[in-house]
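Please look over the sequence and the structure shown here. The report that follows goes through some features of this chain.

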Amino acid sequence: MDDAQLQSQQRLLIRQRIRLMVNQYEVHTENADGSEGPLLAFAQQKRLAFKEQVTIYADAEKSRPLLAFKARKRIDLASAYDITDASGQPIGVFRKNFKKSLVKSTWHLEQPGLGETTGSERSTFVAVLRRLWNFIPYVENLPFAWPYHFDFTAGEQVVFTVDKKFGFRDRYVVEINDPRLDRRLVIAQAVALDALQSR
């Protein structure tokens, strides 16, 4: 899929696959019937990395890089993550707001020329429930995913949303409302919501 086709997407489906030493993410278009369409992007995250770096590819064979994001600092809960294109040129930044995230996870995504969007969990009740659930011994190893819903806004406008579905393993639906948003940044932020949520 070329850049123009990628940029035209308004709805993305993301599925996480658990492997022995890595988490894998598949980003698909959506077919008219709601099923997964062609693969748009494939990401693989090493667990327990001291300085997080994730490369996102245009194919599952990892032959064509699409973008990457990398933490600026080691083991810093409030570190910014630089997003670069396939040639290593900067295209955006995201960071977690650690203070606000103590109750409801909150992220900031910056795109040059467009400014900053802020994403936070829609439901305080679900946010608190997820945190309490994580205090129960051994539950993090269960193949069960609590749902959540992030609204990313610029001013009063919702520019995109990330909806984690209830069920076994992690599935997400991403809705993009602002045509100016770089879809690569949206993919990076959506993957980070899962990959870095517990950091």
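## Salt bridges

Arg 184 has a relative accessible area of 21% and is therefore partly exposed. The partner of Arg 184 in a salt bridge is Asp 182, with 2.7 Å between the closest N and O atoms. Asp 182 is buried, since its relative accessible area is 13%. Elsewhere, Arg 11, Glu 30 and Glu 175 are joined into one network by salt bridges that share partners. The model is a predicted one, and a search of the whole structure gives 10 salt bridges.

Three of these pairs are set out below.

| Pair | Distance, N to O |
|---|---|
| Asp 182 and Arg 184 | 2.7 Å |
| Glu 36 and Arg 15 | 3.0 Å |
| Glu 116 and Arg 95 | 3.3 Å |

The side chain of Glu 36 meets that of Arg 15 in a salt bridge. Arg 15 belongs to strand β1 (residues 11-18) and Glu 36 to strand β3, so this salt bridge ties together parts of the chain 21 residues apart in sequence. Glu 36 counts as partly exposed, at 29% relative accessibility. Arg 15 also counts as partly exposed, and its relative accessibility is 26%.

A salt bridge also links the side chains of Glu 116 and Arg 95. Arg 95 lies in strand β7 (residues 90-96) and Glu 116 in strand β9 (residues 115-121), so the pair ties together parts that are 21 residues apart in sequence. Glu 116 is partly exposed, with 36% relative accessibility. For Arg 95, the relative accessible area is 26%, and this residue is partly exposed.

## The chain as a whole

The chain contains 3 helices and 14 strands. It has 199 residues, of which 46% count as buried. About 10,700 Å² of the chain is exposed, and carbon and sulfur atoms supply 54% of that area. If contacts between residues at least 6 apart in sequence are taken, 38% of them join residues at least 24 apart.

## Strands β2, β3 and β4

Strand β2 (residues 22-30) and strand β3 (residues 36-46) run antiparallel and are joined by 8 bridges. Within this pairing, Val 22 stands opposite Lys 46 in β3. The two strands make a hairpin with 5 residues between them. Gly 34, in the turn of that hairpin, has a positive phi of about 90 degrees.

Strand β3 also pairs with strand β4 (residues 53-57), again in the antiparallel sense, over 3 bridges. Here Phe 42 stands opposite Tyr 57 in β4. In a regular strand, side chains alternate between the two faces of the sheet.

## Ser 120 in strand β9

Strand β9, which holds Glu 116 of the salt bridge described above, also contains Ser 120. Ser 120 is partly exposed, with a relative accessible area of 23%. Leaving aside neighbours within four places in sequence, Ser 120 is in contact with Ser 105, Thr 106, His 149, Phe 150 and Asp 151. The C-alpha atom of Ser 120 is 6.7 Å from that of Phe 152, although these two residues are 32 residues apart along the chain.

## The nonpolar core

How many residues make up the largest nonpolar core? The core has 40 residues, and those with the most contacts inside it are Ile 56, Phe 69, Ile 83, Phe 94, Phe 160, Val 162 and Val 174. Helix α3 supplies the largest share of this core, 9 residues.

Phe 160 can serve as an example. Beyond its neighbours within four places in sequence, Phe 160 is in contact with several residues, including Leu 109, Thr 117, Phe 150, Phe 152, Val 174, Ile 176, Leu 181 and Val 186. Polar and charged partners of Phe 160 include Asp 151, Glu 175, Asn 177 and Gln 189.

## Asp 194 in helix α3

Helix α3 (residues 183-195) contains Asp 194. Which side chain of opposite charge is nearest to Asp 194, and how far away is it? That side chain is Lys 164, at 4.4 Å. Asp 194 is buried yet has no salt bridge. A salt bridge requires the nitrogen and oxygen to be within 4 Å, so the 4.4 Å between Asp 194 and Lys 164 does not qualify.

Lys 164 is nevertheless among the residues in contact with Asp 194. Leaving aside neighbours within four places in sequence, the other contacts of Asp 194 are Gln 16, Tyr 25, Tyr 148, Asp 170 and Tyr 172.

Notes:
Residues are numbered from 1 along each chain as its sequence is written. This is a predicted model: local features need pLDDT of at least 70, side-chain atom pairs count only at pLDDT 80 or more; totals for chains, interfaces and linings use all residues. Side-chain values use heavy atoms; hydrogens and water are left out. Two strands pair if DSSP finds at least two bridges between them. Helices (H or I, at least four residues) and strands (E, at least two) are DSSP runs, numbered from the N terminus. Buried means under 20% relative accessible area, exposed over 50%, partly exposed in between (1.4 Å probe, protein chains only). Lys and Arg count as positive and Asp and Glu as negative; His and the chain ends are not counted. Contact means heavy atoms within 4.5 Å. A nonpolar core is a set of buried Ala, Val, Leu, Ile, Met, Phe, Trp, Tyr and Cys residues joined through side-chain atoms within 4.5 Å. Accessible areas come from the Shrake-Rupley method with a 1.4 Å probe; for residues, only the protein chains shown count as cover.
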